[in-house]
Amino acid sequence: MRTSYIKDCVETIINMAQDNNISSPLNVLELFAGEGSIFTQYLAKKCNKVIGWEIKNEFASDFEKNVPNGRFFCKDTISLLQQENSDDFLNDANIICVDNPLGKYGDEYFEHFKFINHIHKLIHRPSILAIDIIKKPYNIEGNLEWVEERKRFYNIDKDELDMGYALNFYKKILEKQGLSVGDAKIVCRELDGDLDYFYMIICVVDKAK
Ligand SMILES: C[S@@+](CC[C@H](N)C(=O)[O-])C[C@H]1O[C@@H](n2cnc3c(N)ncnc32)[C@H](O)[C@@H]1O
């Protein structure tokens, strides 16, 4: 049975925004909008507006139903972020969420590994950045490619990611892109029975001065 801690994640995002003078209006950019039904709609209730990018245009009407203060844009987020420049990088968001599919998706993507180094293109002001992270891959036998890719990405030799190591790892990844990282927390997002696997790293970022 799954136990969701989305409420804790949303509360942490909002509290960290308030504590760091990231205040009204709270404008969200969700890079993987889906239909908004799993996570985005709960965050949206505490924010002024939400822009959702999503590759599947057929999710547009459900997204806008589930997120009444949201606007849906059909985008391939990953290809977009890999571009040098785009008008889409200009935004007024101060909460950026990275709720990508877990595991392998498309033909070649694993979690956020291929684009997290480009996230700086979207940060123009003090902002909260919330990124899904997987502590422990599930169904290891059926997901060997993903398990190996994670080890390469995190530079670890075991399957489980230590959360203290992860905090440091993401700080470094963001700082290398010219971002400053302030307050940062890792919050459990979901347990699946006794599988302790799904977390969010939530941090305050800005362009480094
Ligand atoms: C975990 S779901 C998003 C859940 C959503 N945030 C919510 O709260 O319901 C991930 C979404 O990413 C979309 N997706 C996959 N590849 C994508 C890409 N390259 N660009 C944009 N969206 C993509 C999938 O279609 C899927 O809807």
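This tour proceeds through a predicted model, from its sheet to the helices and then to the ligand.

**The sheet.** Begin by selecting the strands of the open sheet, of which there are eight, arranged in the order E1-E9-E10-E8-E5-E2-E3-E4 with mixed pairing. At its edges are strand E1 (2-4) and strand E4 (70-74), each of which pairs on one side only. From one strand to the next, the twist averages 20°.

**E1 and E9.** Next, select E1 together with strand E9 (residues 179-192). The two strands run antiparallel and are joined by three bridges. Display the side chains of two facing pairs: Thr3 stands opposite Leu191 of E9, and Ser4 stands opposite Glu190 of E9.

**The E9-E10 hairpin.** Extend the selection to strand E10 (195-207). E9 and E10 pair in the antiparallel sense over 11 bridges, and they form a hairpin with two residues between them. At this point Asp192 stands opposite Leu195 in E10. In the turn, select Gly193, whose phi is positive, at about 60°.

**Helices on the sheet.** Now add helix H1 (residues 6-19), which lies across E1, strand E5 (95-98), strand E8 (127-134), E9 and E10. H1 runs at about 165° to E9. Helix H6 (residues 163-176) also packs on the sheet, where it touches E8, E9 and E10. The direction of H6 makes about 140° with that of E9.

**Helix H5.** Select residues 144-154, which make up helix H5, and colour Trp146, Glu149 and Arg150, which are buried. Viewed down the axis of H5, these buried residues fall within an arc of 105°, and they therefore line one face of the helix. What do the buried residues of H5 pack against? Their partners are strand E6 (104-105) and strand E7 (109-110). Turn the view to the face directed away from the buried side, and the exposed residues Leu144, Glu148 and Arg152 appear. Just after H5 comes Asn155, which has a positive phi near 55°.

**The ligand.** Finally, centre the view on the ligand and select the residues around it. How many residues surround the ligand? There are 23, and the closest are Phe32, Gly34, Ile38, Phe39 and Thr77. By class, this shell contains nine nonpolar, seven polar and seven charged residues. To relate the shell to the fold, highlight strand E3 (49-54) and helix H4 (77-82), each of which supplies at least two of its residues. E3 also belongs to the open sheet, between E2 and E4 in the strand order.

Terms used:
Residues numbered from 1 in each chain as written. Predicted model: local features only at pLDDT ≥ 70, side-chain atom pairs only at ≥ 80, totals over all residues. Near = placed C-beta within 6 Å. Helix = DSSP H or I, 4+ residues; strand = E, 2+ residues; numbered from the N terminus. Nonpolar A, V, L, I, M, F, W, Y, C, P; charged D, E, K, R; others polar. Buried ≥ 20, exposed ≤ 12 C-beta atoms within 10 Å, placed from the backbone. Arc of directions from axis to C-beta. Contact = placed C-beta atoms within 7 Å. Pairing = 2+ DSSP bridges. Axes fitted to C-alpha atoms, helices over the stretch in contact; angles between N-to-C directions.
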